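The exercises below are to be worked with the sequence and the coordinates side by side. Each begins with a task, and a solution follows step by step.

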Amino acid sequence: MRNFLIAGNWKMNAGPSEAREIASNLVDALNNGSFSAEALICPPAISIQTVSEIFADSPFKVGAQNVHTEDNGAFTGEISTSMVKDLDVTHVIVGHSERREYFHETDKLVAKKTKKIIDDGLTAIVCVGEKLDKRKSGDHEKVVLNQLDHALNAITRDNAANLVVAYEPVWAIGTGETATPEQAQEMHRFIRFQISERWGKDRAEEVKILYGGSMKPKNAEELLSQPDVDGGLIGGASLKADSFSEIISIAEKISK
Ligand code: PGA
């Protein structure tokens, strides 16, 4: 029996009214509530409360897309782990390629945030992934290893269960282009191997490794069928209740 995590990243989409609609549709779409996969939605910060209230009596969890490294203070525009915990958030995405690219988040900052998130009792979804030129030059594993090393250096093996790694090849995000199941499996196995070299095999098994980059109902089955793909981090297809719930149902079917 496999235990998948199907996570939606809404990015800067769905303010409170739209969030209310999508979240309610999701609860309705899976209203028998009998799925065993972990299902999570990360709305924009302003919609977390709305989604959290709608999911309160459902199996869905709520995540945040970003937090600061401090609890509070003069950091205009930021939010903290204690604030999102107040809204029953369980997971926080960190190091997404869009934050690395557009908000200049460095490996060092990603590592600091990862530690903060985990120290405060939340699960960190640490995103790693190479750009197209690095895939073409054959340096994709080197890039991912460097990103992974920074995050792992900031935490310990006892944190394994609160760490999720999302492999998101940048060239596959929002492009409609997906890594092949073989490319995904190869990188996921590499990531698992690197974690097991540091923390041992058992701890490496506790870390969920998600694939992200144009995952949709159409390609979810072959991606999730790979032995080291423990779920998905889904952007575009998580904004529609029917496609996101279909991916959850696919995970459910494979997990049996
Ligand atoms: P996508 O986004 O599914 O729209 O490619 C994935 C992500 O960026 O997390």
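**Exercise 1.** In this predicted model, determine how the residues of the shell around the ligand divide into nonpolar, polar and charged, and then examine the polar contacts that the ligand makes.

*Solution.* The shell is made up of four nonpolar, seven polar and two charged residues. In all, 13 residues surround the ligand, and the closest are Lys11, His96, Glu168, Gly174 and Ser214. Turning to individual atoms, an N or O atom in the side chain of Lys11 lies 2.7 Å from an oxygen atom of the ligand, and a polar side-chain atom of Glu168 is likewise found 2.7 Å from a ligand oxygen. With Gly174 it is a polar backbone atom that lies 2.7 Å from an oxygen atom of the ligand. As a last step, consider the covering of the ligand: on its own it has 280 Å² of accessible area, of which the protein covers 95%.

**Exercise 2.** Locate Lys11 and Asp88 in the chain, and state for each the value of phi and whether the residue is buried, partly exposed or exposed.

*Solution.* Begin with the general expectation that most residues other than glycine have a negative phi. Lys11, in the loop between β1 (5-9) and α1 (16-29), has a positive phi near 55°. Its relative accessible area is 21%, so Lys11 is classed as partly exposed, the range for that class beginning where buried ends, at 20%. Asp88 belongs to the loop between α3 (81-85) and β4 (89-94), and its phi, near 65°, is positive too. Because its relative accessibility is 58%, Asp88 counts as exposed.

**Exercise 3.** Decide whether Lys208 is buried or exposed, and identify the side chain with which it makes a polar contact.

*Solution.* First place the residue: Lys208 lies in strand β7, which spans residues 208-212. Lys208 counts as buried because its relative accessibility is 16%, and the cut-off for that class is under 20%. The side chain of Lys208 is joined to that of Glu38 by a polar contact of 3.4 Å.

**Exercise 4.** Describe the geometry of the aromatic pair formed by Phe55 and Phe60, and then find the ring over which the charged end of Arg99 sits.

*Solution.* The structure holds two aromatic pairs, and one of them is formed by Phe55 and Phe60, with 4.8 Å from centre to centre and 25° between the planes. Planes under 30 degrees apart count as stacked, and the pair of Phe55 and Phe60 is accordingly stacked. Both Phe55 and Phe60 are buried. Finally, the charged end of Arg99 sits over the ring of Phe103, at 4.2 Å from the ring centre.

Technical notes:
Residues are numbered from 1 along each chain as its sequence is written. This is a predicted model: local features need pLDDT of at least 70, side-chain atom pairs count only at pLDDT 80 or more; totals for chains, interfaces and linings use all residues. Side-chain values use heavy atoms; hydrogens and water are left out. Rings of Phe, Tyr and Trp (its six-membered ring) pair if their centres lie within 6.5 Å; planes under 30 degrees apart count as stacked, over 60 as edge-to-face and the rest as tilted. Buried means under 20% relative accessible area, exposed over 50%, partly exposed in between (1.4 Å probe, protein chains only). A charge sits over a ring if NZ of Lys or CZ of Arg is within 6 Å of the ring centre and within 35 degrees of the ring normal. A residue is near a molecule or strand if one of its heavy atoms lies within 4 Å of it. A polar contact is a pair of N or O atoms within 3.5 Å; within protein, one must be able to donate a hydrogen and the other to accept it, and residues adjacent in sequence count only if both atoms are side-chain atoms. Accessible areas come from the Shrake-Rupley method with a 1.4 Å probe; for residues, only the protein chains shown count as cover. Ala, Val, Leu, Ile, Met, Phe, Trp, Tyr, Cys and Pro count as nonpolar, Asp, Glu, Lys and Arg as charged, and the others, Gly among them, as polar. Helices (H or I, at least four residues) and strands (E, at least two) are DSSP runs, numbered from the N terminus.
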